[in-house]
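This report looks at how a ligand is held by its protein and at how some of the helices pack. Please have the sequence and the model at hand while reading.

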Amino acid sequence: MSLLVLDGVESFYGASQALFGVSLAIEDGEVVALMGRNGMGKTTTINSIVGLVRPRAGNIRFAGKELAGMRPHRIARLGLGLVPEGRRCFPNLTVEENLLVAARGDEWTLERVTELFPRLGERRSQYANTLSGGEQQMLAIGRALMTNPRLLILDEATEGLAPVIRQDIWAAIRKLKATGQSILVVDKTLSELLPVADRCFVLEKGVTVFAGAPEALSPELQDRYLGV
Ligand code: ATP
């Protein structure tokens, strides 16, 4: 059974339709890339999965359970860990406090997160609002991991960050993949994303137009669907 399956998902903002038929599947342990140019529906797809947008048609099944219509906190508890676009941490809590308040289950601990992101270990007593943007992004990922997610979802996690920090985040994604963590990734850096992805799905105007291995996403297809 697939970990996550979307089948013909249609979602709206008020009267305006954003998704017209999104289908994708993620198997346990896979890193899956969700791609497409700006405004094609990637974030709306993620919001539909986590319950922030309610699909009006189609199915979303996670670990065998139908998610459509379920409230976001219940969906999160099933094991979905979202790192939303534009990272969110508690600014007036320390790094350590931010991680501990997110803790659920015991697989991920403070120690394990700081092993993955040593910078967070060095700054564990600092308030989150004194961290750099990249460090806050690491903290946002750490917080999602502390919930012990069966599926980690990263929406533009490296956007707008300094190159060294981006490298650290990609290295962490590769390490997570090596441990068998399932991850859904939205990111514009194809040179990093394609090598780590097991499978790619491309959206155009709210429809899945490509599903396959990264090697099958030829330069022509990249140009057609992802070129600017
Ligand atoms: P980006 O990379 O720019 O975030 P995206 O692929 O994630 O793009 P979405 O943000 O999902 O795209 O947007 C899909 C469509 O839905 C776009 O036409 C966008 O204008 C519209 N949309 C997104 N958010 C809202 C909103 N809150 N209200 C109304 N329309 C929205």
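The text below treats the ligand site and then the helix packing.

This is a predicted model, in which local features need pLDDT of at least 70 and side-chain atom pairs count only at pLDDT 80 or more, while totals for chains, interfaces and linings use all residues. Residues are numbered from 1 along each chain as its sequence is written, and side-chain values use heavy atoms, with hydrogens and water left out.

**Ligand site**

The ligand is surrounded by 13 residues, of which Gly 39, Gly 41, Lys 42, Thr 43 and Thr 44 come nearest; a residue is counted here if one of its heavy atoms lies within 4 Å of the ligand. By class, this shell holds three nonpolar, five polar and five charged residues, where Ala, Val, Leu, Ile, Met, Phe, Trp, Tyr, Cys and Pro count as nonpolar, Asp, Glu, Lys and Arg as charged, and the others, Gly among them, as polar. With three residues, helix 1 (residues 42-50) gives the most to the shell, helices being DSSP runs (H or I) of at least four residues, numbered from the N terminus.

Polar contacts, that is, pairs of N or O atoms within 3.5 Å, link oxygen atoms of the ligand to the following protein atoms.

| Residue | Protein atom | Distance to ligand oxygen |
|---|---|---|
| Gly 39 | polar backbone atom | 2.7 Å |
| Met 40 | polar backbone atom | 3.2 Å |
| Lys 42 | polar side-chain atom | 2.8 Å |

The ligand taken alone exposes 630 Å², and the protein buries 58% of that, as computed by the Shrake-Rupley method with a 1.4 Å probe.

**Helix packing**

Helix 3 (residues 95-102) packs against helix 6 (residues 133-146) at an angle of about 30°, with the axes 7 Å apart; axes are lines fitted to C-alpha atoms over the stretch in contact, and angles run from 0 to 180 degrees between N-to-C directions. Helix 3 is therefore roughly parallel to helix 6, a term for angles under 35 degrees. Their crossing is right-handed, meaning that the near helix is turned clockwise from the far one by less than a right angle.

Helix 6 also meets helix 7 (residues 163-178), their axes coming within 9 Å and crossing at roughly 20°, so that helix 6 is roughly parallel to helix 7. Helix 6 passes helix 7 in a right-handed crossing.

Definitions and conventions:
A polar contact is a pair of N or O atoms within 3.5 Å; within protein, one must be able to donate a hydrogen and the other to accept it, and residues adjacent in sequence count only if both atoms are side-chain atoms. Helices (H or I, at least four residues) and strands (E, at least two) are DSSP runs, numbered from the N terminus. Angles under 35 degrees count as roughly parallel, over 145 as roughly antiparallel, 65 to 115 as roughly perpendicular and the rest as oblique.
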